[in-house]
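Hi,

Here is the structure I promised to pass along. Have a look at it first, and my notes follow underneath.

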Amino acid sequence: MQSMTDKKRDFETACAAAVKARNFTEAAKAAAGAADCAEILASRTTGIVSEAYAKEVRSWRDLVKKLEGRKNGGGRGRPPSLEGGDEAVDGGEWLVAEKPDITFDDIAGMEDAKRIINEMVLYPMQSPEKARALGLNPGGGVLLFGPPGTGKTMLGKAIAGALDAPFYYASGADLRSKWYGESEQRLSQLLTSAKSQKVAVVFLDEIESLLPKRTENSHSADNRVVTQFLADLGGFKDSANLLLVLGATNKPWSIDEAVFRTGRFDEKVYIGPPDLPAREKILELNLKGAHTADGLDFHSIAEAMEGASGSDVAAVVSAAKRSALGRAIRENADPVLTAEDFKDASERIPLSITPEILAPYKKFMEERF
Ligand SMILES: Nc1ncnc2c1ncn2[C@@H]1O[C@H](COP(=O)(O)OP(=O)(O)O)[C@@H](O)[C@H]1O
Ligand SMILES: [Mg+2]
């Protein structure tokens with residue numbers, strides 16, 4: 001029997017195909033089917049998984065409404081915008097208007113990545129005349145890759161915060177879900193809008209789902225997205241303006257070969273799991289202002305977390321805080337974090353960095369560099 005997730009995926013595929021064919025009646029039916037599947041999945045699951053499905057239900061239902069408001073048409077004219085009326089859309093919807101308040105100081109370790117980002121992005125953009133005096137042509141592409149939870153997205157946000165330049169953020173997941181069936185046009189708009197700026201940074205998160213390997217078997221629409229996107233990225237580099245594209249991925253091996261062959265990314269930076277000093281710093285950063293027991297030894301807690309990603313360390317701190325709070329309430333005492341809380345928390349949070357997880361990154365680097 002077909003599983004509910006498979007069924008939902010079939011509706012999603014049908015919806016995308018119908019949008020492409022400008023058959024909005026069919027697309028609306030398929031979107032409603034996907035919403036129903038997501039609703040069933042939400043009822044069968046609990047916690048954040050269920051919440052995520054519930055959120056999906058709402059966005060499919062919104063899409064149904066938008067699609068129902070449209071008339072079917074031939075294959076001509078402007079591509080349909082699922083976003084509100086027919087007004088022109090531009091890349092502005094990805095402009096990060098509010099600067100995130102994360103800085104490089106909030107990021108532990110990653111010295112190589114910070115140096116490269118400083119040299120390639122921040123210094124030339126902060127002091128363009130000095131860069132020009134050296135004949136340095138700033139801009140280009142940087143690919144950040146490494147296991148999940150190692151701070152790649154965080155680094156992107158810190159760059160946005162540090163730059164006094166327009167910063168565009170788009171994630172593969174957004175483009176795939178929010179702009180289902182029209183990610184191609186959306187990406188082009190994003191890059192066109194960035195190119196119209198004198199100075200701009202584009203951060204493409206989860207880039208493997210924007211630039212997946214093209215194969216004979218893959219959906220021809222997917223292949224077209226990749227081809228178009230590669231063309232747009234090429235022009236980006238040749239532009240006279242100061243433009244930089246940052247890409248981040250957990251799965252560099254899933255990215256289309258042409259991305260590497262054509263040198264779209266001048267720098268490829270591996271973001272690995274935090275080493276001992278970095279884990280200790282992540283502990284400190286996440287414990288700022290928290291009541292800790294006298295003599296609590298961050299060093300040995302960090303040491304015991306060999307194999308933790310940055311996000312694992314942050315998760316252990318949160319779990320330890322909850323455990324300390326529970327005890328304080330039970331015992332009607334002042335809340336204080338103890339070594340015992342960290343021990344309990346570490347036992348509950350599985351560490352995500354195993355040799356099996358790291359092996360494909362090593363292999364990728366050996367083959368690429
Ligand atoms: N090097 C680091 N320094 C500080 N915090 C980190 C670091 N790496 C990960 N974290 C924590 O883990 C969370 C998830 O990291 P994220 O940037 O989403 O990882 P990625 O994009 O690589 O999957 C961050 O919000 C932060 O709390
Ligand atoms: Mg990320």
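To start with the whole chain: 36% of the 369 residues in the protein are buried. Please keep in mind that this is a predicted model. The fold has 15 helices and five strands. Among the contacts with a separation of 6 or more, 77% are between residues 24 or more positions apart.

The helix pair

The part I spent most time on is the pairing of α2 and α3. Helix α2 covers residues 24–44 and helix α3 covers residues 47–68. Their axes lie 8 Å apart, and the packing angle is about 165°. Because anything over 145 degrees counts that way, α2 is roughly antiparallel to α3. The crossing of the two is left-handed.

If you want to click through the contact, these are the residues to pick. On the α2 side they are F24, A27, A28, A31, A32, A34, A35, A38, E39, L41 and A42. Across from them, α3 brings in S50, Y53, A54, E56, V57, W60, R61, L63, V64, L67 and E68. Sorted by class, that contact has 17 nonpolar residues, four charged ones and one polar one.

Two residues with positive phi

A couple of backbone angles caught my eye too. E206 is not a glycine, yet its phi is positive, at about 50°. You'll find E206 in the loop between β3 and α9, the latter being residues 220–238. Is E206 buried or exposed? It has 20 other C-beta atoms within 10 Å, and 20 or more is the mark for buried, so E206 is buried.

N332 also has a positive phi of about 50° without being a glycine. N332 sits in the loop between α13 (310–330) and α14 (339–348). Here the count of other C-beta atoms within 10 Å is 6, and the limit for exposed is 12 or fewer, so N332 is exposed.

One more loop

Last on my list is S196, in the loop that runs between α8 (183–195) and β3 (199–205). S196 has 13 C-beta neighbours inside 10 Å; that falls between the limits for exposed and buried, so S196 counts as partly exposed. How far is S196 from L243 in sequence and in space? They are 47 residues apart along the chain, and their C-alpha atoms are 10.0 Å apart.

That's everything from my side.

Cheers

Terms used: Residues are numbered from 1 along each chain as its sequence is written. Chains are lettered from A and ligands numbered from 1 in the order in which they are written. This is a predicted model: local features need pLDDT of at least 70, side-chain atom pairs count only at pLDDT 80 or more; totals for chains, interfaces and linings use all residues. Axes are lines fitted to C-alpha atoms, for helices over the stretch in contact, and angles run from 0 to 180 degrees between N-to-C directions. Helices (H or I, at least four residues) and strands (E, at least two) are DSSP runs, numbered from the N terminus. Angles under 35 degrees count as roughly parallel, over 145 as roughly antiparallel, 65 to 115 as roughly perpendicular and the rest as oblique. A crossing is left-handed if the near helix is turned anticlockwise from the far one by less than a right angle, and right-handed if clockwise. Two residues are in contact if their C-beta atoms, placed from the backbone, lie within 7 Å. Ala, Val, Leu, Ile, Met, Phe, Trp, Tyr, Cys and Pro count as nonpolar, Asp, Glu, Lys and Arg as charged, and the others, Gly among them, as polar.
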